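Let's take a friendly walk through a protein model, one part at a time. Have the sequence and the 3D view ready as you read.

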Amino acid sequence: MITLAPWLQASLENLLTRPGHAWLIQGSTGLGQYDLALALAQSWLCQAPTPQGACGKCASCHGTAVRVHADFRMLMPETEMIERAWPLSEKAQKEIDDKKRKPSREIRVDSLREMLEFCHLTRSGERGKVVMIYPAEQMNTVTAHTLLKTLEEPPADTRFILATAAADALLPTIRSRCLVYTLRWPDAGSALAWLSEQGLPGPDAAVLLRAAGGRAHDALVYFNEGMKAKDWASLPKLLLRGEAGLLGEATPAMVLSVLQKLCHDMQALACGGLPRYFEVADLPAAKNFNTLSQWSRELMDSAPSIDHTFNAGLLLQAFVSRAQRAMTA
Ligand SMILES: [Zn+2]
């Protein structure tokens, strides 16, 4: 069973008091959409649910916990399924094993069609069937339109949970077919208490929560990837000397996101404002706002292709030397 962060637990209890056959759980990244959506699905399927959620003991709870529940379908991009240890369909697994194609980064229309067969052809247990779609914005256009038809004429015994950190990227017609639940930011106190329960030492938790812009789940991801408070604090000055520091271990997408934060903070300093992600003392004195703006635009332009980087080592070198030039200009 998932132990939910306190702010997600409150959301779950709220959602459980409300009817509806299709929910859209939305909010900024790092709030825990996946955890909440899955806990809601488990509670809906549980044979002995309480106002706090699933019982965690019945056969149904066991089924969702081991990721094989006859009345549950999880729709995610294949890359996400693999990362979160969900089984792929036999057909998809075989195509990938035979190297016919790579795991998809989108939610494929094939998985949606399999889901529709599941909705229409199989009989469900007493609690009905549940479909979870995450991150919902990763449906391509064909998949999204196919889902829309299903939501317009929903199968009688199936409920849907869509979860997303980019609700604007969904078809407006899909949004309007769902009841919308918006996750709010936890206050810093409850975020820090939760991070401490997850095993983050106090000093690291405060710095990493700031590094993650207040997003508690993102702070935990940083920590689990090996980032410590001192790595974060020393990063700007290492980059100033042309050294990669902790970025040497990071994925290209992570490197980009960290540099965007650094650039944001240096621009804020250059305008007489305060940084958001780093401490003032850890940042070099910002000099030229125009140079920083130019750097910021270049970082933004590299975002769309960052996941398709061919040579991550070369890209890192280029990013580091570009950062050095922007920071010293
Ligand atoms: Zn149960």
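Start with the sheet: in this predicted model, five strands build an open sheet with parallel pairing, in the order β2-β3-β4-β1-β5. The edges are taken by β2 (72-75) and β5 (179-182); each has a single partner strand, so one side of each is left without a neighbour in the sheet. On average, neighbouring strands of this sheet are turned by 15 degrees against each other, direction ignored.

What holds such strands together? Strands of a sheet pair through backbone hydrogen bonds, either parallel or antiparallel. Here, β1 (residues 22-26) pairs with β4 (residues 158-163) in the parallel sense, over four bridges. Look for Leu-24, whose bridge partner in β4 is Leu-162.

Now find helix α2 (residues 33-45), which lies across β1, β2, β3 (129-133), β4 and β5. Helix α2 runs at about 170 degrees to β4.

Next comes the metal site. Which residues are the protein donors of the zinc ion? They are Cys-46, Cys-55, Cys-58 and Cys-61, each through its SG atom, at 2.3 to 2.4 Å from the ion. Along the sequence, these donor residues follow the spacing C-x8-C-x2-C-x2-C. The four donor atoms subtend angles of 101 to 116 degrees around the zinc ion, which makes the arrangement tetrahedral. For reference, the ideal angle for four tetrahedral donors is 109.5 degrees.

Are Cys-55 and Cys-58 buried or partly exposed? The cut-off for buried is under 20% relative accessible area, and the table gives the result.

| Residue | Relative accessibility | Class |
|---|---|---|
| Cys-55 | 24% | partly exposed |
| Cys-58 | 12% | buried |

Terms used: Residues numbered from 1 in each chain as written. Predicted model: local features only at pLDDT ≥ 70, side-chain atom pairs only at ≥ 80, totals over all residues. Heavy atoms only, no water. Donors = N, O, S within 2.8 Å, 3.2 Å for Na, K, Ca; no water. Tetrahedral: all angles 85-135°; square planar, octahedral: opposite > 155°, others 65-115°. Buried < 20%, exposed > 50% of the residue type's maximum accessible area, 1.4 Å probe, protein only. Pairing = 2+ DSSP bridges. Helix = DSSP H or I, 4+ residues; strand = E, 2+ residues; numbered from the N terminus. Axes fitted to C-alpha atoms, helices over the stretch in contact; angles between N-to-C directions. Contact = heavy atoms within 4.5 Å.
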